[in-house]
Amino acid sequence: MKKWFKIKRYPHIGSQISREDYSRIKKYVSNSDNVERHSFKPFIKRVQTKRKFRKQYDDGILISKKRKKDLKPREICFASHLDSQIYSYYSEFLSKKYNKLITKHNLAKVVTAYRKIKKDKSKSGKCNIDFANEVFSLIKKRSETKKNQVVIAFDIKGFFDNLNHKKLKESWAYVINEPLPKDHYQIFKNITKFSFIKEDELFNLFKDRIVVERYVDSYKKDKTLKKKKVDKIKYLKEKRAVSYTVDSKDLKLIRNKGLINANKLDKKGNKRTVGIPQGSPISSVLANIYMFEFDKKMNELLSNSGGIYRRYSDDMIVVCDLTQIQRVVYEFESNIKKLCDLEIQPHKTQIFHFVKQKNRLSCYQEFKTHCTVNRNLEYLGFQFDGENVLLKNSSISSYYRKMKKSINRSKYYAKHTRNKANKGKLFKSRLFEKFTVIGSHRKRKRIRDKKDKSKFKVLKFYNYGNYLTYVNKSINNVENNSIKKQLKNHWKIFNTELKK
């Protein structure tokens, strides 16, 4: 099977796609005439809210130790299963063209997000761990010859939501080296002028008859479909929901209820000229293509002066000399506007000074009125103080917060269950798998054999690990890290919470 053919399990409008459909799907999506005439279905839009707990600072000075709770909304759009295969097929085509282009212009190391980059002498690909480690290692290496160097972190405001359609079309044509063919233009038109349905509204319409998947036998081989009531959206995955609708009558019902929202106009009622949906299989490569001219110019600027430039999606980082701060900030802010019609968030621009003092590399953070020592450069989920690398404190806090919440939830249901046989019993195996080293290893899932309960049947499904799997990978791949110390008490904390 080709890399572009990816089976998704989320429920959508219409039936899902299985491995047996590969030949049929390939024949359809590889025919440009089919794509040119294809009628794309609306996206399903989900609003995810991420909680963040932060101490309150003013210009780097702590003004309140009490952590402020912020909710950060993020809109994710899911394409229908056939539409997703079309986007994925053309995404692979564009990725090949784009990779050749950036290799030609020496940008292969610059752009790190949404690309498959293999490790040296290894079949596995690089991830954020490797990209962060590379930047931290370069800073330490440069410190051997440069006593004072600066790291500047930039963040683009509303990246996917503000991609200019005209600029995107021009960049797309530049990468494929021809005006957009009719099939490419059909995809461009539907990714920029798309329609969507809000997930909660769609669920409320069909929650009494969601199509779910059921296994006929206990060995999870044969499947059947049936309609079932699902109480809440969060139970869709647990109930193995595969679709909201089955036939054309349901599509008419959706239209008649007015659930389909056109994305052609902005909030002021003007014709929408910016923005693509975040979450579609083609959005990531289009975002990289869109930034090509900017990446090329910024890399030339930094390379000519002995600096380093890296971009991971909308997070950009620069390593340069002390004398270049004002020039770099000006060039980034002016060129992102001129070349990309985007904007850098000034309040998120951070400047760090790495100074060699008595054989130790110290990190200072620059603010408007002062510099503060013993600060940490945060990049791709890690923090670096000049000597040691750690996981971000917020990710460790999130891990312990989820652990305590899951344990308390399990205790509540053990106490309030209607099953008299299990009342008061806490099922610990799932908790150990999710939050301790016991579940941190990749292994096949097993179920107990009904005929002989002393034996287990090994399934084809894998348990891919938990947060500690990521922690162990970070420990093994990051230089000079002290990550192990951050999680050394996780077993003690876990068991203390169980015993409360």
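**Exercise 1. Place Asn-374 and describe its exposure and its phi.**

Step 1. Asn-374 is exposed, with a relative accessible area of 65%. Exposed means over 50% relative accessible area, buried means under 20%, and partly exposed lies in between (1.4 Å probe, protein chains only).

Step 2. Asn-374 sits in the loop between β14 and β15. Strands are DSSP runs of E with at least two residues, helices are runs of H or I with at least four, and both are numbered from the N terminus.

Step 3. The phi of Asn-374 is near 60°, a positive value in a residue other than glycine. Most residues other than glycine have a negative phi.

The model is predicted: local features need pLDDT of at least 70, side-chain atom pairs count only at pLDDT 80 or more, and totals for chains, interfaces and linings use all residues. Residues are numbered from 1 along each chain as its sequence is written, and side-chain values use heavy atoms, with hydrogens and water left out.

**Exercise 2. Find the loop that holds Ser-313, and decide whether Ser-313 is buried or exposed.**

Step 1. Ser-313 belongs to the loop between β10 and β11.

Step 2. Its phi is positive, about 60°, although Ser-313 is not a glycine.

Step 3. Ser-313 is buried, with a relative accessible area of 7%.

**Exercise 3. Work out the strand order of the sheet that contains β4, and name its edges.**

Step 1. The sheet is open, has 6 strands and runs in the order β10-β11-β4-β12-β13-β14. The pairing is antiparallel. Two strands pair if DSSP finds at least two bridges between them.

Step 2. β10 (308-312) and β14 (371-373) are at the edges. Each has a single partner strand, so one side of each is left without a neighbour in the sheet.

Step 3. From one strand to the next, the twist averages 20°. Axes are lines fitted to C-alpha atoms, for helices over the stretch in contact, and angles run from 0 to 180 degrees between N-to-C directions.

Step 4. Helix α11 (residues 325-340) packs on the sheet. α11 touches β4 (148-155), β10, β11 (315-321), β12 (350-357) and β13. Contact means heavy atoms within 4.5 Å. The direction of α11 makes about 20° with that of β4.

Step 5. Now the pairings. β4 and β11 are antiparallel over 7 bridges, and Gln-149 stands opposite Asp-321 in β11. β4 and β12 are joined by 6 bridges and run antiparallel. Ala-153 has Gln-350 of β12 as its bridge partner. Strand β13 (residues 360-366) pairs with β14 over 3 bridges, again antiparallel. Here Gln-365 stands opposite Thr-372 in β14.

Step 6. In β4, 7 of the 8 residues are buried, so this strand is largely enclosed by the rest of the structure.

**Exercise 4. Describe the sheet of β15, β16 and β17.**

Step 1. The 3 strands form an open sheet in the order β15-β16-β17, with antiparallel pairing.

Step 2. β15 (377-379) and β17 (389-391) are the edge strands, and each pairs on one side only.

Step 3. The twist averages 30° from one strand to the next.

Step 4. β15 and strand β16 (residues 382-384) share 3 bridges and run antiparallel. Glu-378 has Gln-383 in β16 as its bridge partner.

Step 5. Helix α14 (residues 467-477) packs on this sheet, touching β16 and β17. Its direction makes about 175° with that of β17.

**Exercise 5. Determine how helices α5 and α9 cross, and list the contact residues.**

Step 1. The axes of α5 (residues 165-176) and α9 (residues 283-290) come within 9 Å and cross at roughly 90°.

Step 2. That makes α5 roughly perpendicular to α9. The class covers 65 to 115 degrees; under 35 is roughly parallel, over 145 roughly antiparallel, and the rest oblique.

Step 3. α5 contributes Lys-167, Leu-168, Ser-171, Trp-172 and Val-175. α9 contributes Leu-286, Ile-289 and Tyr-290.

**Exercise 6. Trace the surroundings of Asn-133.**

Step 1. Asn-133 is in helix α4 (residues 128-142). Asn-133 is buried, with a relative accessible area of 12%.

Step 2. Leaving aside neighbours within four places in sequence, Asn-133 is in contact with Asn-477, Val-478 and Glu-479.

Step 3. A polar atom of the Asn-133 side chain lies 3.0 Å from the backbone nitrogen of Glu-479.

Step 4. The C-alpha atoms of Asn-133 and Tyr-379 are separated by 9.6 Å. The two residues are 246 residues apart along the chain.

Note on methods. Polar contact = N/O pair within 3.5 Å; in protein donor to acceptor, adjacent residues only side chain to side chain.
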